Amino acid sequence: MAKTRTLIVAGEAFPLAKTGGLGDAITGMARALTEAHMPLNVLLPAYRGVRGKLNRVRTVAALPGLPGGDAALLEGRCPQSGLDYLLLENDALYDRAGLYADENGKEHPDNGVRYAALAHAAVRVAAGLPGLVRPTLVHAHDWHAGLTPLLLRAAGLDDVKSVMTIHNLAFQGLFPMECADAFGIPEWARGDDGAQSWGRLNFLKAGIRYADRVTTVSRTYAREIMTPAFGCGLDDLLRERAGDLLPIPNGIDDVLWNPARDPYLRSHRYGPRDLSNKIHCKAALQREFGLRPDPGATLIGMGNRLTEQKMADVAIQSLPDALDRHPGLQVVILGQGEQRFEQALKDIAARYPGRCAVHIGYDEGIAHRLHAGSDILLHASRFEPFGLTPLYAMRYGSLPIGSRVGGMADTIEDPGPRAPLSMMASANGLLFEGDSPAAMTAAIDRALNLRGHGILWRLMQRNAMTADFGWRSAVSLYASLYRSLVEPDYRDAEPAPAEHPASVAAMGRRTRSGGAMPAAI
Ligand code: ADP
Ligand code: GLC
């Protein structure tokens, strides 16, 4: 019997609850681990409507006295993903519109209590509940689950190991120190060397400080977050923990995101060998967004949170310029986020009727059709821990224009504007440096020029569509990490060191001694 049994703790998981890539990553990872015979459960809050999406739901246990009041633990299976879930039910905390924020984007004022309760529930499961198999390892994701490693220690559960994965260091979960009692945070963990930063409680810092291992979702981001520029104030702590910080890049769900089988494309499916239906997807997208029906147009899609992280402000300056200079260019935008960006994009669409259109909102179907119908995905970020969206676009033969940060620097292959044009035959997208509108516009110009070289563009599309971005390598790294924590004799027993994930510190050492791993800072 497997010695490792994992409890994954997270704020979202597709298709039960999703606001962004975290939801995709949790489900993708959990499914891939399950398929690799690593048994697990995923613990989520029972947000509004989630219980009804599970089959065979039963109440496993009452969980009295959690932050925010008495709660119940439910168990059920998700028919789409086949995953077994544990739901933390407390309607006063979770039965409301929106996961972290309300319909107007305003954060729920009691998020501290809501996610402190989630971490305490994880610890109760780890301590053992009648009728549930006890996990040997708890894998906490992002700040929502950040208190879990600390509370495991506080409960003295040293036999249950913990892993903290950072999907986005910019969101840390900061709450007033006065809440420490209500959140059940022990005195010894309240200092600057514990869960406090800037005079506030910091959930993510607690996770990074107290987890047995910390991982993040790309190699470049792992190095970046140890620098002041990307460390969001936690770079000191991350450098301190460099020996326990491992990059494990995400994968994508290549069944859900597959233009050959995608139900959102109706009959217009296609694959890397025959893209003839892609033109119909473009026509359908032009119709759906009210653009001029023009098969010869180059269609740029943008589908992401409208925030500064995603350079929405830069796109707002760059896109009109590009639309003015390239009469054959069309742009569709799907997103929601900061209101000032939503409004500015709507204003641009109004200035370019038939050529630029915006859908403000969150719509899974449109996201799929956007990748299928566009030629290019504009996905620029000031920081990008991994970046699933550009990989989805690649699968659909829509070539990404990304910025050279985080996961995009690792997954988008671009020899650069100075390399001979023929070298683009090995590319799968374009990258630009920095966050200036001029750099973004230059990258758009470059993409439009490349699109004029039909054979080259087709080669790039094939590279993008056939690249293997599945979960396989991530799973072997996670499995190896779990087992190295839970089964102390594992490392000696397993002969293949290449499969052991290397910490950022070790990446640096190997690089200095001439190995093939990327350089640490
Ligand atoms: P992040 O998690 O930082 O937002 P990722 O690119 O990793 O970035 O993941 C974003 C996920 O959210 C993708 O699945 C993308 O399709 C989805 N998404 C973002 N905005 C929207 C939207 N407005 N409608 C539908 N899906 C969206
Ligand atoms: C975060 C990051 C994104 C990443 C996703 C899944 O939301 O912003 O880059 O792809 O998590 O790990």
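**Exercise 1. Polar contacts of ligand 2**

How far is an oxygen atom of ligand 2 from an N or O atom in the side chain of Glu 384? Place this pair among the other contacts of the ligand.

*Solution.* This is a predicted model; local features need pLDDT of at least 70, side-chain atom pairs count only at pLDDT 80 or more, and totals for chains, interfaces and linings use all residues. Residues are numbered from 1 along each chain as its sequence is written, chains are lettered from A and ligands numbered from 1 in the order in which they are written, and side-chain values use heavy atoms, with hydrogens and water left out.

Step 1. Apply the cut-off: a polar contact is a pair of N or O atoms within 3.5 Å.

Step 2. Take the side chain of Glu 384. The distance from its N or O atom to an oxygen atom of ligand 2 is 2.5 Å.

Step 3. Turn to the backbone. A polar backbone atom of Phe 386 is 2.9 Å from an oxygen atom of the ligand. For a backbone N or O atom of Pro 385, the distance is 3.5 Å.

Step 4. Check the cover. Ligand 2 on its own has 310 Å² of accessible area (Shrake-Rupley method, 1.4 Å probe), and the protein covers 93% of that.

**Exercise 2. The shell around ligand 2**

Describe the residues that surround ligand 2, and locate it relative to the domains.

*Solution.*

Step 1. Count residues with a heavy atom within 4 Å. There are 14, and the nearest are His 167, Asn 250, Glu 384, Phe 386 and Gly 387.

Step 2. Sort by class, with Gly counted as polar. The shell holds 6 nonpolar, 6 polar and 2 charged residues.

Step 3. Assign elements (helices are DSSP runs of H or I, at least four residues; strands are runs of E, at least two). Helix H1 (residues 21-35) gives the largest share, 3 residues.

Step 4. Domain 1 (6-247) and domain 2 (263-466) both contribute to the shell, so ligand 2 lies between them.

**Exercise 3. Ligand 1**

Repeat the analysis for ligand 1.

*Solution.*

Step 1. The shell has 20 residues, with Gly 21, Asp 24, Arg 305, Gly 361 and Thr 389 nearest.

Step 2. List polar contacts to oxygen atoms of the ligand. A polar backbone atom of Gly 21 is at 2.7 Å. A polar side-chain atom of Arg 305 is at 2.7 Å. For the side chain of Lys 310, the distance is 2.8 Å.

Step 3. The protein covers 94% of the 560 Å² that ligand 1 exposes on its own.

Step 4. H1, strand S14 (329-335) and helix H13 (388-395) each give two or more residues. The largest share, 3 residues, is from H13.

Step 5. The classes are 5 nonpolar, 9 polar and 6 charged.

Step 6. Both domain 1 (6-247) and domain 2 (263-466) supply residues, so ligand 1 lies between them.

Technical notes: A polar contact is a pair of N or O atoms within 3.5 Å; within protein, one must be able to donate a hydrogen and the other to accept it, and residues adjacent in sequence count only if both atoms are side-chain atoms. Domain bounds come from an automatic or database domain assignment.
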